Structures are given as C-alpha cells and as structure tokens.
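Reader: I'm new to this structure and would love a close look at just one part of it. Could you pick a good spot and walk me through what it connects to, step by step?

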Amino acid sequence: MGELLRMEGVDKRFGSFYANRDVSLSIQEGEVHTLLGENGAGKSTLMAVLAGDLLPSGGSVRVEGTELSAATQDQVRSASALVAQTTWLFTGTIADNLRLAQPYATPSQMWHALEVARLDKEVALMPEGLETQVGEAGLGLSGGQAQRLSLARAFLSGRRILLLDEPTSQVDVVSEAAIIDALAGIGPEWTVLMVTHRRSLLSIADAAHELRDGVLLPLETAVAR
C-alpha cells in the first residue's frame, strides 16, 4: 500500500496567529486515523488544508502524490470527499442529494452507498424510498440519518480519501453507533482521517493524533483494528 496523504513541517498562519505549526503526518492507503483536540486547537484548519481549501503558509502537503499549491488546488480537492460537521443537504429527494456526488449514479449504486452508510434499511421503510423528499439542511430526517446520508454521498463519489469533520458530534448515541459501525466496515479501499472530540471513534483507528495549540502529537490510546 502506498502513501496517500503526507504533511511535512506544515504551518498555517493567519496574520501573526499560527493555527497549525510544524505539522508532519503520513497516512497510508487503507488506514483510518483520528485527530482529537479541544475547540480552537486547529483541527478544522488542518482538515481544510488537507482538503485543498486552504494553502499552507509553510511546509508541504501531498495528496495522492500531488503537492498542494495554488496551481493544483482543484486537483487536490478532487482527491477527497469531505463530510462536514454541519450536514449540508438541499430540498429534493434522497436520490437528488446522492446524485450531487455522482450525477449518473444508478439506483443500485445509490442503494449500495446507503448500505455502506448503514442507512439502506431506514430508507427502504420510507414510503417513497429513494424518492422521499427531504428539506434544506436535512428537514424530514433525523440528525443521524442526515449525517449518514452525507456519508453515503461521500461513498458514492468514487473518491477513496474520506475527510470527516466531527462525524458524530450532532447525533444521538444510536446514530453514533451506526456511524461507527459503518466506518468500521468500509474496507481497505478507503483511507480515512476523522476529526473528533469523541474517544469512542478511537476503537476503529489504526493511529490517533492530538492537536494542542496547533501542534500535532501522537495519541497512545489508539486501538488497532
């Protein structure tokens, strides 16, 4: 397996404030990494850099072998699927929302993505199935269902790097367990970095890290799968 994500001595500065300082990280294909830290520690900034939405102020970032720069931002962005803490869905059907990731997805492909996200059985019980209407920001779905629909969309995208920003922070215990079960079962073709403050996600991690005041440290309590 090869290296898919690499950061070497990365700084991210806003004026004189360092959100991230001298961060080095290597993630191999098929690995699941968790990133813990208090609010304001720089976790979301680091994820935005890895997603290609922000350029580093210093150091280097490589995603699937491409070094992040102003010229390669679009290429880096297209390498990963980012699932944000706040679920973004638009008014339309479940199928419409899934097709944002893959416009030509077949019903079979959509059902498979929902199955991987542990949402297929719940959608199958809805009167209209894939054609069930949902409102803006997931109106009509529970928080956990909306978050798993976002995960299904990421799985459907065809991108094999998943960047998950607090995937369980807005859901109840039952939905959290379903999301953890989904992430534990996705298989080695997926490479995952999760930002979280919940240590329950450490159970599915190959490696865990902690950000303290923008500095990345190893977390020794990770449990290998």
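Author: Arginine 118 is partly exposed, with a relative accessible area of 29%. Please keep in mind as we go that this is a predicted model. Arginine 118 lies in the loop between helix H4 (107-116) and helix H5 (120-124). Coming after H4, it has a positive phi, near 60 degrees. That is worth a second look, because most residues other than glycine have a negative phi.

What does the side chain of arginine 118 meet in a salt bridge? The partner is aspartate 181, at 2.8 Å from N to O. Because aspartate 181 sits in helix H7 (residues 173-184) and arginine 118 in that loop, the pair ties together parts that are 63 residues apart in sequence. Aspartate 181 is partly exposed too, with a relative accessible area of 42%.

Now for the helix that comes before arginine 118. Which residues of H4 are buried? They are Met110, Ala113, Leu114 and Val116. These residues span an arc of only 160 degrees around the axis, so they are on the same side of H4. The general rule behind such a pattern is that an α-helix has 3.6 residues a turn, so residues three or four places apart point the same way. The cover over the buried residues of H4 includes H3, H5, H6 and H7. So H7 turns up in two roles here: it holds aspartate 181, the partner of arginine 118, and it is part of what covers the buried residues of H4.

From here we can step into the interior. The largest nonpolar core has 38 residues, and the members that touch the most others are Leu98, Phe155 and Leu162. H4 and H7 are among the elements that each supply at least two residues of this core, along with strand S6 (80-83), helix H3 (94-98), helix H6 (143-156), S9 and strand S10 (191-196). H6 gives the most, with seven residues. Leucine 162 shows what such a central member touches: leaving out residues up to four places away in sequence, its contacts are Ala81, Ala154, Phe155, Ile186, Trp190, Thr191, Val192 and Leu193. There is also a second, separate core of 25 residues, which includes Leu4, Val10, Leu68 and Leu163.

The pair of arginine 118 and aspartate 181 has company, since the structure holds eight salt bridges in total. Another one joins aspartate 53 and arginine 77, whose closest N and O atoms are 3.0 Å apart. Aspartate 53 is in the loop between helix H1 (43-50) and strand S4 (58-63), while arginine 77 is in helix H2 (residues 73-77), so this pair links parts that are 24 residues apart in sequence. Both ends are partly exposed: aspartate 53 at 39% relative accessibility, and arginine 77 with a relative accessible area of 31%. In a further bridge, glutamate 3 pairs with arginine 6, with the closest N and O atoms 2.7 Å apart. Glutamate 3 is partly exposed at 32% relative accessibility, as is arginine 6 at 29%.

For contrast, here is a charged residue without such a partner. Aspartate 165 is in strand S9 (residues 161-165), one of the elements that supply the largest core. Is aspartate 165 buried or exposed? It is buried yet has no salt bridge, and the nearest side chain of opposite charge, lysine 43, is 6.8 Å away. The cut-off for a salt bridge is 4 Å, so lysine 43 does not qualify. Aspartate 165 does have a polar contact of 3.2 Å with the side chain of serine 44. Besides Ser44, the residues it touches include Met47, Val83, Ala84, Gln85 and Val195, not counting those up to four places away in sequence.

To finish, let's return to the positive phi we met at arginine 118. Aspartate 22, in strand S2 (residues 17-28), has a positive phi of about 50 degrees although it is not a glycine. Aspartate 22 is exposed, with a relative accessible area of 54%. Aspartate 213, which is also not a glycine, has a positive phi near 50 degrees, and it is found in the loop between strand S11 (207-212) and strand S12 (215-218). Aspartate 213 counts as exposed at 69% relative accessibility, whereas arginine 118, where we began, is partly exposed.

Methods
Residues are numbered from 1 along each chain as its sequence is written. This is a predicted model: local features need pLDDT of at least 70, side-chain atom pairs count only at pLDDT 80 or more; totals for chains, interfaces and linings use all residues. Side-chain values use heavy atoms; hydrogens and water are left out. Helices (H or I, at least four residues) and strands (E, at least two) are DSSP runs, numbered from the N terminus. Buried means under 20% relative accessible area, exposed over 50%, partly exposed in between (1.4 Å probe, protein chains only). Lys and Arg count as positive and Asp and Glu as negative; His and the chain ends are not counted. A polar contact is a pair of N or O atoms within 3.5 Å; within protein, one must be able to donate a hydrogen and the other to accept it, and residues adjacent in sequence count only if both atoms are side-chain atoms. Contact means heavy atoms within 4.5 Å. A nonpolar core is a set of buried Ala, Val, Leu, Ile, Met, Phe, Trp, Tyr and Cys residues joined through side-chain atoms within 4.5 Å. The arc is that of the directions from the helix axis to the C-beta atoms.
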